[in-house]
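Subject: Structure handover

Hello,

Here is the structure I promised to pass on. Please open it first, then read my notes below.

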Amino acid sequence: MTYQKVTIDRRAIPAGAVESRWNAADGWPLRRIDWMADGPVRGSILFMPGRGDIYEKYLETLAHWQAQGWNVTAADWRGQGGSGRMSDHQYVGHINDFSQWIDDIAGFWADWVVSRPGPYVVVGHSMGGHLIARAIQEKRITPDAAVLSAPMLGLKGLGLPLSVGHMVTKLMRGLGKPERPAWKVSEKPASPLAIRQTLLTHDDARYQDELWWWAERPELVMGPASWHWVERAYESIIRLNAPGAWEKVKVPMLLIGTSADQLVDNKATIAAAARIPGAELLAFGREARHEVLREVDPIRDRILATIDDFLARKAPAAHSEKAGAAA
C-alpha cells in the first residue's frame, strides 16, 4: 500500500465531521466525533485518546483514515475533555476505578459496531491504549485489529517497580483527599509546565495546536491526575500484565513505542509485544517522544504508513459491505 499524505486545518472541526454525545449505561454523557467516509467504505476505526487528552489533537490522524475510506470515530473518556469531570476539581483527572472506563468502552463499542460496517479497528493512545488492551483481554470488545500507540502498560513517573509503586501510591492516597492532584502541573510528577512539550513531541506547531484548542474551548483543559487515579493506574497495570493475560489475546495487534518516552514505560510495551501471539512492534528512539501520532512529519508519516500496511494485512476491506449509518 502506498502512503498518501493528507493535510487539513488542525484548528477546525472538519466540515463533514459531526460532534455529539453518547450516554453510558448510567446516563453519563461522553463527547464523541464521527466522520463518515465520502465514497466506498473501507471499514470503521474507533480512536480513543490518552489521559487528559481531547480528540481535537488527533483530527489530522482521523483525516488520514477518513480519506482512505474509513468511517472514523473518536471520543473523550469519562471525566476528561468534553466528557465531564469525576470530582469537583475542574483541572484534575480522577476516576473511581478503571473498570468504569472498561464498562464505558464496552457499551460504546456495542452501539458503535451495529451502526457502521466492518472490519472494525480500534486505536488507543497512552491511557487509551491501556484501556483498549484491558477491554480486549477481558473480551469486552472484539475488534478485527488493534493499534496501541505509546500504550500505558507501565509508568515512569515514580521510577519504581510496579508492586512498590502501588504500595507507595496507596500510602499517598491515604494521606489526604484521594481526589487531590498528585502533582502540580504538566504530565509528570515534579515536571514544570515549561518543559511539558519536551515530554510530548518535537513538533512545535502541533504542540501549540493543543494550547489553541484549550483557549478556544476552555472546558477541555485538564492538568494532573489525582492520587486515587495514580493508585488505580498501578492496580490496573498489574492486572493487565498478569501472567498469562497477554498470551490469551487473539486480536491482531500493532504496538508503537519509543525508548525516549518519559511518561510510560517503553520496556513494558516491548515485553507485551513479545508475549502477545503474532503481535507487531514499531520501535523508536530519541527521534520520537510520547505523542508519537503528533510527532514531526518524518516520524508521523512512518507511523501512519506502518498502520496502513498493518491494517491492509490484518483487517482487509470487506468489499461487499456498504456505507454505515451516520451516528
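Two strands count as paired if DSSP finds at least two bridges between them. Helices (H or I, at least four residues) and strands (E, at least two) are DSSP runs, numbered from the N terminus. By that rule, β1 pairs with strand β2 (residues 29-35) in the antiparallel sense, over 7 bridges.

Some ground rules. This is a predicted model, where local features need pLDDT of at least 70, side-chain atom pairs count only at pLDDT 80 or more, and totals for chains, interfaces and linings use all residues. Residues are numbered from 1 along each chain as its sequence is written, and side-chain values use heavy atoms, with hydrogens and water left out.

The sheet

The sheet is open and has 8 strands. Their order is β1-β2-β4-β3-β5-β6-β7-β8, with mixed pairing. At the edges are β1 (17-23) and β8 (280-284), each paired on one side only. On average, neighbouring strands are turned by 20 degrees against each other, direction ignored. Strands of a sheet pair through backbone hydrogen bonds, either parallel or antiparallel.

Back at the β1 end, Ala17 stands opposite Trp35 in β2.

Now look at β5. It runs parallel to β3, and 5 bridges join the two. Phe47 has Val123 of β5 as its bridge partner. On the other pairing, β5 and β6 are also parallel and are joined by 5 bridges. There, His125 is opposite Ser149 in β6.

How many of the residues of β5 are buried? The count is 6 of 6, so β5 is largely enclosed by the rest of the structure. Buried means under 20% relative accessible area, exposed means over 50%, and partly exposed is in between (1.4 Å probe, protein chains only). In a regular strand the side chains alternate between the two faces of the sheet. In β5, Tyr120, Val122 and Gly124 point one way, while Val121, Val123 and His125 point the other way.

Helix α3

Helix α3 (residues 127-137) lies across β3 (43-48), β5 (120-125), β6 (145-149) and β7 (253-258). Its direction is at about 135 degrees to β5. Axes here are lines fitted to C-alpha atoms, for helices over the stretch in contact, and angles run from 0 to 180 degrees between N-to-C directions.

This helix is largely enclosed by the rest of the structure, because 11 of its 11 residues are buried. Among them are Met127, His130, Arg134 and Gln137. The cover includes β3, α2 (98-113), β5, β6, α7 and β7. Contact means heavy atoms within 4.5 Å.

Two helix pairs

Two packed helices are described by the angle between their axes and the distance between the axes.

Take α3 and α7 first. Their axes come within 11 Å and cross at roughly 45 degrees. That makes α3 oblique to α7 (under 35 degrees is roughly parallel, over 145 roughly antiparallel, 65 to 115 roughly perpendicular, and the rest oblique). The crossing is left-handed, a term for a near helix turned anticlockwise from the far one by less than a right angle, with clockwise being right-handed. On the α3 side, the contact is made by Met127, His130, Ala133, Arg134 and Gln137. On the α7 side, Trp229, Ser236, Ile237, Arg239 and Leu240 take part. The contact residues divide into 5 nonpolar, 3 polar and 2 charged. Here Ala, Val, Leu, Ile, Met, Phe, Trp, Tyr, Cys and Pro count as nonpolar, Asp, Glu, Lys and Arg as charged, and the others, Gly among them, as polar.

Next, helix α4 (residues 162-173) packs with helix α7 (residues 227-240) at about 155 degrees, with axes 9 Å apart. That makes α4 roughly antiparallel to α7. This crossing is left-handed too. Residues in contact include Leu162, His166 and Arg173 of α4, and Trp227, Tyr234 and Ile238 of α7. By class there are 7 nonpolar, 4 polar and 5 charged residues.

Backbone points to check

- The peptide bond from Gly118 to Pro119 is cis, with omega near 5 degrees. Pro119 is in the loop between α2 and β5.
- Lys139 is not a glycine, yet its phi is positive, at about 60 degrees. Lys139 lies in the loop between α3 and β6, and counts as exposed at 60% relative accessibility.
- Ala150 also has a positive phi, near 40 degrees. Ala150 sits in the loop between β6 and α4, and is buried at 1% relative accessible area.

Best wishes
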